[in-house]
Amino acid sequence: MSSEPVYVTQPHLPPLEEFIPYLEEIWQSKTLTNGGPMHQALEQALCDYLGVEHIALFNNGTTALLTALQALRVTGEVITTPYSFVATAHSLLWNGLTPVFVDIDPQTFNLDPAKIEAAITPRTTAIMPVHCYGNPCDVEAIQKIADNYNLNVIYDAAHAFGVNDGGGSVLRHGDLSVLSFHATKVFNTFEGGAIVCPDAKTKKHIDHLKNFGFVDEVTVVASGINGKMSEINAAFGLLQLKHIDQVIARRRDIDRLYREELKSVKGIRILEQPVHVTSNYSYFPILVEPDYHLSRDDLYQKLRDHNVFARRYFYPLISEFPMYRGMPSASASNLPSSRRIAYKVLCLPIYPGLNANDVDKILSIVKK
Ligand code: T4K
């Protein structure tokens, strides 16, 4: 058995020599950033791969979230989930917006559409759901509410690279969808992100916003930000794309093995995958129920004792962090399902470089 540490995830790194030609091209062009050839090539390649029309690349997912909210001129209150990475709600605070937390559906861990309407006030202008672990939200129900109340929908799709919901890419829903290409994601550009846009006009506006608001040398049309992806990150993305199918296939194999081996372990619950969804297998969350022989935190510690660094995504809930916990919607009584799941969840390691011995080791610790 390997004694190397095993993390919740590890980036897939193609052989270094495969990256050298990209670097030589950058050295030759001397264009390092500001929408150079690698950047343009990656935007097109991603549109083709993901099956979407328009993509604006960013230097990370958080800047992309900030810019998406700016692009739609969102104001007032935004309905969102407490069960996510903290960047989701932080992007609202950074825009001077008020997050209003709504509970999740305990079967999907996504925003529960049945609870959204009760949280809408005259100040509500948008909904920011998360396709948590890449599992699609109930996009139709959310859109219906948005249409009825004239709200924007910005999907935090940080986990949803390449996910297909049966009708096409899950990224086609809502007004905008935001991806993260962080090192820990299924598809990574070291740091990076993107906004999937419905039309060329919106993409152009977003491209201006991510370049300080510049339209040409002397014209600034908005108080934009520097959200541009560099050529080196874009080049790495192009290389990653060549390996992505293989990367997802290996994740799928690990997912299947975990599911098969853990399905009959007393006290371990596995998040079900909807049949019509093509997943990216980005995370493998389990719920440690009261009838398991250890608490969630004891299992987490036991794995650590064996050099396996599983993670409690998403514990604590965003609504429990100091800048949110005083908000009325952050109260425990408003978020019972989110709280229950956050105290039971443990994400097991899943990534292409995880070898069979490590998977066996993890399974034997959980099963023992
Ligand atoms: N919205 C959602 C729903 C998100 O999940 C995220 C990011 C965002 C928005 C924001 O997108 P970005 O602005 O990040 O593009 C990690 C990531 O830093 C974060 O990107 C991600 N979500 C979140 C779910 O996970 P940490 O603090 O858990 O990362 P860290 O550094 O502890 O890494 C986890 C493990 O990954 C390490 O134990 C080892 C491994 N690792 C990590 C890095 C950075 C590597 O092997 N190599 C690496 O370079 O947040």
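# Exercises on a predicted model

In this predicted model, helix α5 is followed by N150, whose phi is positive, near 60°.

## Exercise 1: The faces of α5

Task: Find which residues of helix α5 (residues 139–149) are buried, and work out how they are arranged.

Solution.
Step 1. List the buried residues. They are V139, I142, I145 and A146.
Step 2. Look down the axis of α5. The buried residues fall within an arc of 130°, so they line one face of the helix.
Step 3. Turn to the face away from the buried side. It carries the exposed residues E140, K144, D147 and N148.
Step 4. Ask what covers the buried residues. The cover includes β5 (124–128) and β6 (152–156).

## Exercise 2: Positive phi

Task: Place N150 and F212 in the chain, and decide for each whether the residue is buried, partly exposed or exposed.

Solution.
Step 1. Start with N150. This residue sits in the loop between α5 and β6.
Step 2. Check its backbone. Phi of N150 is near 60°, a positive value in a residue other than glycine.
Step 3. Check its exposure. The relative accessible area of N150 is 69%. Exposed means over 50%, so N150 is exposed.
Step 4. Move to F212, in the loop between α6 (200–209) and β9 (214–216). Phi of F212 is near 65°, again positive in a residue other than glycine.
Step 5. Classify F212. Its relative accessibility is 37%. The partly exposed class runs between 20% and 50%, so F212 counts as partly exposed.

## Exercise 3: Two cis bonds

Task: Name the residues joined by cis peptide bonds at F314 and P316, and locate F314 and P316.

Solution.
Step 1. Take F314. A cis peptide bond joins Y313 and F314, with omega of about 10°.
Step 2. Take P316. A cis peptide bond joins Y315 and P316, and here omega is about -10°.
Step 3. Locate them. F314 is in the loop between β13 (308–309) and α9 (336–342). P316 also lies in the loop between β13 and α9.

## Exercise 4: Domains and pockets

Task: State the two domains, then describe the linings of the largest pocket and the second largest pocket.

Solution.
Step 1. Set out the domains. The assignment gives domain 1 (16–239) and domain 2 (244–367). Their centres, taken over C-alpha atoms, are separated by 24 Å. The contact takes 37 residues from domain 1 and 36 residues from domain 2.
Step 2. Take the largest pocket. About 620 Å³ of space lies in it. Its lining has 29 residues, and F85, V86, K185, Y313 and F314 lie nearest its centre.
Step 3. Trace that lining to elements. α3 (61–71), α4 (87–94) and β7 (176–180) each supply at least two residues. The largest share, three residues, comes from α3.
Step 4. Sort the lining of the largest pocket by class. It divides into 14 nonpolar, ten polar and five charged residues. Each of domain 1 and domain 2 gives at least three residues to this lining.
Step 5. Take the second largest pocket, with a volume of about 350 Å³. It is lined by 20 residues, the closest to its centre being P136, C137, D138, P274 and H276.
Step 6. Sort the lining of the second largest pocket too. It has eight nonpolar, six polar and six charged residues. Domain 1 and domain 2 each supply at least three residues here as well.

## Exercise 5: Cavities

Task: Find how many cavities of 30 Å³ or more the whole structure holds, and describe their linings.

Solution.
Step 1. Count them. A search of the whole structure finds two.
Step 2. Take the largest cavity, with about 80 Å³ of space. Residues that line it include Y133, N135, D255 and R259. By class, its lining has six nonpolar, four polar and two charged residues.
Step 3. Take the second largest cavity, of about 30 Å³. Among the residues that line it are T9, H12, K185 and R251. Its lining has five nonpolar, three polar and two charged residues.
Step 4. Link the second largest cavity to the domains. Domain 1 and domain 2 each give its lining at least three residues.

## Exercise 6: The setting of D291

Task: Describe where D291 lies and which residues D291 touches.

Solution.
Step 1. Place D291 in the loop between β12 (284–288) and α8 (296–305).
Step 2. Check exposure. D291 is partly exposed, with a relative accessible area of 44%.
Step 3. List its contacts. D291 touches K266 and G267, not counting residues up to four places away in sequence.
Step 4. Compare D291 with S177. They are 114 residues apart along the chain, and 39 Å separates their C-alpha atoms.

Key: Residues are numbered from 1 along each chain as its sequence is written. This is a predicted model: local features need pLDDT of at least 70, side-chain atom pairs count only at pLDDT 80 or more; totals for chains, interfaces and linings use all residues. Side-chain values use heavy atoms; hydrogens and water are left out. Buried means under 20% relative accessible area, exposed over 50%, partly exposed in between (1.4 Å probe, protein chains only). Helices (H or I, at least four residues) and strands (E, at least two) are DSSP runs, numbered from the N terminus. The arc is that of the directions from the helix axis to the C-beta atoms. Contact means heavy atoms within 4.5 Å. On a 1 Å grid over the protein atoms alone, a cavity is a set of points where a 1.4 Å probe fits but cannot get out, and a pocket is an open set with protein on both sides within 12 Å along at least five of seven lines; lining residues have an atom within 4 Å of a point. Grid points are joined across faces, edges and corners, and a volume is the space filled by probe spheres set on the points. Ala, Val, Leu, Ile, Met, Phe, Trp, Tyr, Cys and Pro count as nonpolar, Asp, Glu, Lys and Arg as charged, and the others, Gly among them, as polar. Domain bounds come from an automatic or database domain assignment.
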